[in-house]
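Trainee: I would like a close look at a single part of this protein, taken slowly and with its surroundings included.

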Amino acid sequence: MVRRFGLGRVGDKAGGLAGAVRSEPTMFLGRMDMRKIGGSFVGAGVAAGRADMGDLHQNDLVFHFRADTGITEATGVSAWEDQVSGSVTLAQDTAGSQPAYDATETVGTLANAGAMTFDGSNDLLSSTSVTVTGQPIHIFFVYKPITWTNNDSPFSGKGGDTTSCHHMQITSTPQAGVASGVDPGGVQNFTLGEWCLAIALFNGTSTTLARNDGTPEGDADNENLDMAEGFFLGAQAAIVQHANIAVGELAIYDVNKTGGDLTDIKDYFNDQYGLW
């Protein structure tokens with residue numbers, strides 16, 4: 001059975017079932033929560049501290065996915081709907097490659113936030129419609145590394161052939177970096193079992209990776225691949241190097257966000273999840 005979850009959007013866009021369900025607004029912890037009457041379109045319990053998705057800085061935001069909203073569940077997650085377009089999805093048709101979903105998972109300090117888990121073997125969500133042509137690309141990614149294998153990729157944007165701009169695991173420390181081509185840089189330390197915000201900026205010689213509110217580390221190799229051909233969550237663009245991770249939220253901007261804009265974006269994530 002397919003279940004649809006929709007939180008954070010009031011109206012018939014919630015969960016992507018426009019006009020297909022009858023719903024009523026209910027008040028829960030001071031915000032609106034859409035629930036289908038007498039069916040399987042439900043909302044997970046909204047924990048204190050949960051922000052509306054519209055509270056995220058909107059200028060230059062091209063894609064926004066959150067694991068309490070727009071989830072279609074079959075064997076696992078078969079589709080995850082972008083809440084900027086309200087129609088584009090990261091998807092997986094093969095049942096055995098769908099990440100598991102838990103609507104009650106605690107992300108950081110936020111109970112019942114919802115998250116999906118990629119098994120590091122073959123789980124993958126992807127889309128040829130989640131694209132950004134050219135750099136810069138600024139990606140904000142809430143996730144938890146579960147196990148660590150050198151070269152595995154939590155996410156990857158396909159930029160041509162099998163190369164990509166990607167976030168990849170390095171060594172068994174664990175560490176991870178970014179690359180907009182072949183050679184990774186911007187190396188940061190991560191902790192297994194700990195939720196964090198990875199901030200990846202793909203921007204030529206100004207490419208960087210930051211973890212939470214820490215200092216960005218640079219990758220000055222001047223690799224300039226973009227994600228013009230699609231986006232892959234849980235693996236590298238060549239459908240290899242699958243990562244064993246849990247994922248809570250993903251936001252993609254098509255400019256380099258700096259100054260007050262960057263602070264606002266980080267505050268949105270940390271105020272919800274208490275990551276630092």
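Which residue in S20 is the bridge partner of Phe-63?

Mentor: In this predicted model, the bridge partner of Phe-63 in S20 is Ile-252. That pairing belongs to a wider arrangement, since five bridges join S4 to S20 and the two strands run antiparallel. S4 is itself mostly covered, with five of its six residues buried. Both strands also feed the largest nonpolar core, which has 38 residues: S4 (61–66) and S20 (244–253) each supply at least two residues of this core, as do S6 (77–81), S9 (115–119), S11 (137–145), S14 (175–179), S16 (196–202) and S19 (230–233). Ile-252, the partner of Phe-63, is among the residues with the most contacts inside that core, a group that also includes Trp-80, Met-116, Ile-139, Phe-141, Phe-231 and Leu-233. Apart from this core lies another, of 22 residues, among them Met-53, Val-107, Phe-140 and Leu-197.

Phe-141 shows what such a core residue meets: leaving out residues up to four places away in sequence, Phe-141 touches Pro-154, Phe-155, Cys-196, Leu-197, Ala-198, Leu-233, Ile-245, Val-247, Glu-249 and Leu-250.

For a polar side chain, one can turn to Gln-188, which sits in strand S15 (residues 185–189) and is buried, with a relative accessible area of 12%. The side chain of Gln-188 reaches the backbone oxygen of Leu-209 at 2.8 Å, while the backbone oxygen of Thr-215 lies 3.0 Å from a polar atom of that side chain. Beyond its neighbours within four places in sequence, Gln-188 is also in contact with residues including Pro-174, Ala-176, Arg-211 and Glu-217.

Definitions and conventions: Residues numbered from 1 in each chain as written. Predicted model: local features only at pLDDT ≥ 70, side-chain atom pairs only at ≥ 80, totals over all residues. Heavy atoms only, no water. Core = buried A, V, L, I, M, F, W, Y, C linked by side-chain atoms within 4.5 Å. Buried < 20%, exposed > 50% of the residue type's maximum accessible area, 1.4 Å probe, protein only. Helix = DSSP H or I, 4+ residues; strand = E, 2+ residues; numbered from the N terminus. Contact = heavy atoms within 4.5 Å. Pairing = 2+ DSSP bridges. Polar contact = N/O pair within 3.5 Å; in protein donor to acceptor, adjacent residues only side chain to side chain.
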